[in-house]
Every structure is written in structure tokens, then in C-alpha cells.
Amino acid sequence: AEADTALHLAQDEATGHALLAVQGRMHLRATLGQLSEGFGVEVEAHSPAPRYRETISAKVEEAYRHRKQSGGAGQFADVTMTVAPLGRSEGFRFSEVVKGGAVPRNYIPSVEEGARDAMVKGPLGFPVIDVSVTLTDGKHHAVDSSDYAFRTAGRQGVKEALIKAGPVLLQPVDRVDVHIPSIYAGSMVSLISTLKGQVLGFDRDPACRGWDVFRALLPAASEEELVAGLAAATQGTAWHETRFDHYEELYGREAERISKEHAEA
């Protein structure tokens, strides 16, 4: 990357893998060849997977009791929670409406920690977003209750609730700006439609005479196909920029396929 300023090297936060941005497939082949021939390093390269998420579609009330007795001090925690969907991009929200000290105040943060633990991986295998958890009731034991017991009850209770609450796969959708010679702009509508994207429109590129900026919303999973389509449609002259825009729900066989492939990986 120091020798080739067209390369950009970073690290994927989710997986820890090296993330290399290149100009195209030929550039990638040349870079891998240099690594192999010049440095003796064999590299396996693949496109990074889109950052899928999941959420829920229904409100569920879940009661969970964690009880364990093994000779010495036992573990006991009983919680009742309401798990409900939030609006898109609202993240995670925890609240409590416990009355009468059914769950002592010092244990409530542990229930929240357990609920957050459950958000790391949902029933479909992806991080869970846009969900609220409300602790409504519970029970404790004067001797056997602990922070650990209530954290475990919170985690397991939310996990079971997520299964019952209609999990839904969410796919990332990017906003794409394609910089393209005006003579090729007409081909973009059919290309974006083929890739299940949404055309937003286009304007003259103020920085380049004879060029347009074509704007669209496109599933992140289609970006590699976009690169190939642009190369074919514009004789390799167009280039594009992407940035995350929002998540949208994905159903049916496509969602099942993605979940299955993720589980196998």
C-alpha cells in the first residue's frame, strides 16, 4: 500500500480480517501476484460479506427462571420481561417498571447486561438491533440470588423471547453515486433495476464536463455485480462511491439462504 497509492488497507471491525480496497479485479490480481512472487506470501481473497442484522416483528412477554443448586451456594433469579420491536435505527433500549422490590435495585443493571448479551447474536445468527426490553417483574432469593444469576436470567430470557417474536433479517442498503460519462448514463437505469436497486436520479457532474453523477439506493450485497456491470457498460471509465444509508427487511428464500450460508461459515 505504501508503494501503490491506489490501494487502501484497513481492518474489518467485525471480523478482524485485513480489508483491501482496490481499483478492480485486474488490480487485485496484480497485487496478489506481487505478494506471491515478490514476498512469497500466498493470500486467499474474497469479497467481504454485507453486514446483515436482524430484528423482531412482534411484541412478546417472557418469564424466565434461572435456578442452579450444586452443593454450596446456589443460583436463583426470576425475571419477567416484555420484548418489543422499535423503529428502524433506534438501536437497543432497556427500561424497568418493577414494583415492590420484586427484583432488588442492585440486580437490575445485571438484567440489562444480560439482555445486551443476547443482542450479540439472534436466532438467525446476526446481531440484533431495534429492540426494546422492559423488565416488568421477578423474584429473588435472599441467599442464592446474585448479579451473575440475574445476568444469566436476563440473557436466556431475551434469547427465548427473540425466537418467539418473529425474527426478521435486515440487509444493508447503500447510497451509490456513480460518476459516469454522459453518453453511457442511459444504461444505468436498467443496470440498477437488474440489481434490485432504486434509482434516485442524476445530475451533471460539476467537476467534469461531459460527465453525470447517477444516484441510486442499492443492496450492499450487489456492489460487486455493480462493479462488473459498470465496467462492461462504460468500457471501464465509470467509478462509484458508496456509503451506508439504511437497513431494510428481507424475507423468503433469499433470507433463508443467507442465514444458512452464515451458519455454515
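The paragraphs below lead through this predicted model, from its nonpolar cores to its salt bridges, its surface and a few single residues. Because the model is predicted, local features need pLDDT of at least 70 and side-chain atom pairs count only at pLDDT 80 or more, while totals for chains, interfaces and linings use all residues. Residues are numbered from 1 along each chain as its sequence is written, and side-chain values use heavy atoms, with hydrogens and water left out.

A useful place to begin is the interior. A nonpolar core is here a set of buried Ala, Val, Leu, Ile, Met, Phe, Trp, Tyr and Cys residues joined through side-chain atoms within 4.5 Å, where buried means under 20% relative accessible area, exposed means over 50%, and partly exposed covers what lies in between, with a 1.4 Å probe and protein chains only. The largest such core has 28 residues, and those with the most contacts inside it are Val 79, Val 133, Leu 135 and Val 158. The elements that give two or more residues to this core are E4, E5, helix H2 (108-119), strand E7 (131-139) and H3; helices (H or I, at least four residues) and strands (E, at least two) are DSSP runs, numbered from the N terminus. Helix H3 supplies the largest share of this core, 6 residues. Leu 135 shows what surrounds one of these residues: leaving aside neighbours within four places in sequence, its contacts (heavy atoms within 4.5 Å) include Val 79, Met 81, Phe 94, Val 103, Ile 108 and Val 111. A second, separate core of 15 residues includes Ile 180, Met 188, Phe 214 and Leu 226.

Charged pairs come next. A salt bridge is a side-chain nitrogen of Lys or Arg within 4 Å of a carboxyl oxygen of Asp or Glu, and a search of the whole structure finds 20 of them. In one, Glu 62 pairs with Lys 164, the closest N and O atoms being 2.9 Å apart. This pair links distant parts of the chain, since Glu 62 belongs to strand E4 (residues 60-68) and Lys 164 to helix H3 (residues 147-164), 102 residues apart. The two partners are covered to different degrees, for Glu 62 counts as buried at 4% relative accessibility, whereas Lys 164 counts as exposed at 52%. Apart from residues up to four places away in sequence, Glu 62 touches Val 79, Thr 80, Met 81, Gly 157, Glu 160, Ala 161 and Lys 164.

Another salt bridge joins Glu 249 and Arg 88, with the closest N and O atoms 3.0 Å apart. Here too distant parts of the chain are linked: Glu 249 is in strand E11 (residues 239-250) and Arg 88 in the loop between strand E5 (75-85) and strand E6 (92-96), 161 residues apart. Glu 249 is partly exposed at 35% relative accessible area, and Arg 88 is partly exposed at 32%.

Within a single helix, Glu 254 forms a salt bridge with Arg 257, the closest N and O atoms being 3.2 Å apart. Because Glu 254 and Arg 257 are 3 residues apart in helix H6 (residues 252-264), they are separated by about one helical turn. Elsewhere, salt bridges that share partners join Arg 175, Asp 177, Asp 203, Arg 215 and Arg 243 into one network.

On the surface, Phe 39, Val 41 and Val 43 make a nonpolar patch of about 280 Å². Patches are made of residues with over 30% relative accessible area and no salt bridge, with like charges joined within 9 Å and nonpolar side chains (Val, Leu, Ile, Met, Phe, Trp, Tyr) within 5 Å. Val 43 lies in the loop between helix H1 (25-39) and strand E3 (53-56), and at a relative accessible area of 40% Val 43 is partly exposed.

Finally, two residues have a notable backbone angle. Most residues other than glycine have a negative phi. Lys 196, however, has a positive phi, near 65 degrees; Lys 196 is found in the loop between helix H4 (188-194) and strand E9 (198-204) and is exposed, with a relative accessible area of 63%. Gln 235 also has a positive phi, near 55 degrees, lies in the loop between H5 and E11, and is exposed at 65%.

Key: Accessible areas come from the Shrake-Rupley method with a 1.4 Å probe; for residues, only the protein chains shown count as cover.
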